[in-house]
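Student: I'd like to learn how to read a sheet. Can you walk me through one?

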Amino acid sequence: MVDNNFTESFNKWILEARNKPIIKMLEDIRLKVMNLLKNREEECRNWKEEISPYAIELYNDYRVIAIECKVIFNGDYGYEVVEGKDKHTVNLELKKCTCRAWNLIGIPCPHAIKALMHDKQDPLSVVHWWYSKEAYMLAYMHKLQPVRGEKFWKIEPEHSMEPPEVHKMMGRPKVKRKREKDEARKRKGVWSASRK
């Protein structure tokens with residue numbers, strides 16, 4: 001079974017538009033995207049920090065974990081950070097930790113935070129640029145422009161498309177999608193695994 005969550009999310013987002021004719025559907029999607037870009041930019045302008053609220057929230061969670069960690073410094077750029085029974089090495093020059101969380105998400109992991117605090121650096125200063133207000137504003141600065149009504153569109157007769165011929169298929173049309181044998185099903189309002 002292949003899940004494509006992005007496609008499923010998009011289909012849910014355009015649920016009302018999906019049943020309309022193609023031009024009306026695309027117009028609805030265009031208006032939704034136009035509003036989405038405007039709303040995201042307004043939301044970004046209201047950030048209290050210069051870093052996204054998501055990054056700040058994750059950083060604060062990591063900072064709480066970092067308090068419990070112990071750090072051993074090698075005198076160069078290497079730190080050995082002990083978290084319970086686990087040990088990780090942090091290299092501040094390369095901005096890497098053996099837990100790989102810092103490399104993957106761009107927000108210092110608890111081990112890196114502890115090492116940075118030991119080095120008397122501000123851990124927020126090494127949060128990757130793509131979480132910054134500037135990066136978000138650049139992403140949402142390009143707007144979709146308003147379009148005049150359909151009666152003002154210039155459509156040449158030779159460019160118009162005819163709809164495809166409708167062929168009646170045999171049997172009753174399927175409404176529900178065909179599920180895999182071992183796929184979870186909803187029973188009594190709760191998702192449960194297959195009995196097999």
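Tutor: Let's go through the sheet strand by strand, keeping in mind that this is a predicted model.

Student: What holds strands together in a sheet in general?

Tutor: Strands of a sheet pair through backbone hydrogen bonds, and the pairing can be parallel or antiparallel. Here, 4 strands make an open sheet, in the order β1-β2-β3-β4, and the pairing is antiparallel.

Student: Why is one side of β1 and of β4 left without a neighbour in the sheet?

Tutor: Because β1 (70-73) and β4 (96-97) stand at the edges, each has a single partner strand.

Student: Does anything pack on the sheet? Which helix is it, and which strands does it touch?

Tutor: Helix α5, residues 110-118, packs there and touches β1, β2, β3 and β4. Its direction makes about 125° with that of β2.

Student: Over how many bridges do β2 and β3 pair?

Tutor: Strand β2 (residues 78-83) pairs with strand β3 (residues 86-91) over 6 bridges, in the antiparallel sense. Try finding two of the pairs: Tyr-79 stands opposite Val-90, and Val-81 has His-88 as its bridge partner.

Student: And what links those two strands?

Tutor: β2 and β3 form a hairpin with 2 residues between the strands, where Gly-84 takes a positive phi near 65°.

Student: How do β3 and β4 pair, and over how many bridges?

Tutor: They're antiparallel too, over 2 bridges. Val-90 turns up again here, with Cys-97 in β4 as its bridge partner. This hairpin has 4 residues between its strands, and Lys-95 in the turn has a positive phi of about 55°.

Conventions. Residues numbered from 1 in each chain as written. Predicted model: local features only at pLDDT ≥ 70, side-chain atom pairs only at ≥ 80, totals over all residues. Heavy atoms only, no water. Pairing = 2+ DSSP bridges. Contact = heavy atoms within 4.5 Å. Axes fitted to C-alpha atoms, helices over the stretch in contact; angles between N-to-C directions.
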